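Biologist: Thanks for sitting down with me. Could we go through this chain together, one question at a time?

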Amino acid sequence: MCRESNFMAKKEQTRKAIADYKKIRPIVQFGDLYRLLSPYDDKGAASLMYVNDAKDKAVFYWWKTRAFYNDIIPLVTMDGLDPQKTYTIRELNRIDTKPLPFEGKSYTGKFLMDNGLEIPYEHTLPKEEQTDWSSRILLLECN
């Protein structure tokens with residue numbers, strides 16, 4: 001019975017991920033690409049984002065490229081946003097047991113490009129599901 005419920009949960013997660021992808025596909029397909037943190041810079045993380053032409057929607061990708069132990073994770077500032085617009089943050093394909101601290105909050109494009117967001121390098125999952133690897137996909141939409 002436990003396997004069946006796990007299978008159903010994974011199936012629902014997959015269904016939601018496909019729906020999220022269909023929502024962001026035009027941004028990724030036709031938007032401008034900004035390479036924010038190269039995986040070759042040996043900082044333990046990589047990041048990029050896509051911004052649509054109207055600069056009212058963006059998709060931010062972040063992932064770990066190595067394990068962190070008592071290290072400082074690099075802060076990634078965003079690029080390509082309109083400094084005058086306000087963006088609401090929503091994590092896509094969230095697997096954590098609780099949302100990110102900035103989930104549903106709004107920030108100006110200027111703040112995001114000057115300061116970025118502090119991305120947690122671990123997921124909040126039950127201990128048996130924890131790994132050294134994590135990634136995040138954030139959707140930014142103007143209010």
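Biologist: Let me start with a side chain I noticed: what is the relative accessibility of Lys57, and does that count as buried, partly exposed or exposed?

Modeller: Happy to help, and please keep in mind that this is a predicted model. Buried would need under 20% and exposed over 50%. Lys57 falls in between and counts as partly exposed, its relative accessibility being 33%.

Biologist: Which residue forms a salt bridge with Lys57 at 4.0 Å?

Modeller: Lys57 lies in strand S3 (residues 57-64), and its partner lies in strand S6 (residues 135-142). That partner is partly exposed too, at 23% relative accessibility. The closest N and O atoms of the pair are 4.0 Å apart, and the partner is Glu141.

Biologist: How many residues apart in sequence are the parts that this pair ties together?

Modeller: Glu141 belongs to strand S6 and Lys57 to strand S3, so their salt bridge links two separate stretches of the chain. The distance in sequence between those parts is 84 residues.

Biologist: Which residue joins Lys57 and Glu141 in one network?

Modeller: The network arises from salt bridges that share partners. Besides Lys57 and Glu141, the member you are asking for is Lys23.

Biologist: Lovely. How many salt bridges are there in total?

Modeller: The rule asks for a side-chain nitrogen of Lys or Arg within 4 Å of a carboxyl oxygen of Asp or Glu. By this rule, the count of salt bridges is six.

Biologist: Let's turn to helix H1. Which residue there forms a salt bridge with Arg15?

Modeller: Arg15 is partly exposed, with a relative accessible area of 47%, and its partner is likewise partly exposed at 44%. The two are three residues apart in helix H1, which means about one helical turn separates them. With the closest N and O atoms 3.0 Å apart, the partner of Arg15 is Glu12.

Biologist: And how far apart are the closest N and O atoms of Asp20 and Lys16?

Modeller: Both residues lie in helix H1, four residues apart, about one turn of the helix. Lys16 is partly exposed at 41% relative accessibility. The salt bridge between Asp20 and Lys16 has its closest N and O atoms at 3.2 Å.

Biologist: Is Asp20 buried or exposed?

Modeller: Leaving aside residues up to four places away in sequence, Asp20 touches Arg90, Leu92 and Asn93. Its relative accessible area is 9%. Since the cut-off is under 20%, Asp20 is buried.

Biologist: Now some backbone. In which loop is Asp42, with its positive phi, found?

Modeller: Asp42 is not a glycine, yet its phi is positive, about 55°. At 61% relative accessibility, Asp42 counts as exposed. The loop in which Asp42 is found runs between strand S1 (32-37) and strand S2 (45-51).

Biologist: What is the relative accessible area of Lys55?

Modeller: Lys55 is found in the loop between S2 and S3. Phi of Lys55 is also a positive value in a residue other than glycine, near 55°. Lys55 is partly exposed, with a relative accessible area of 26%.

Biologist: Last one: which element of the chain has the lowest mean pLDDT?

Modeller: The mean pLDDT of the chain is 85, and 85% of its residues reach 70 or more. Where pLDDT is low, the predicted coordinates should not be read in detail. Among the elements, helix H2 (residues 109-114) has the highest mean, 98, while the lowest, 86, belongs to helix H1 (residues 2-30).

Definitions and conventions
Residues numbered from 1 in each chain as written. Predicted model: local features only at pLDDT ≥ 70, side-chain atom pairs only at ≥ 80, totals over all residues. Heavy atoms only, no water. pLDDT = per-residue confidence, 0-100. Buried < 20%, exposed > 50% of the residue type's maximum accessible area, 1.4 Å probe, protein only. Contact = heavy atoms within 4.5 Å.
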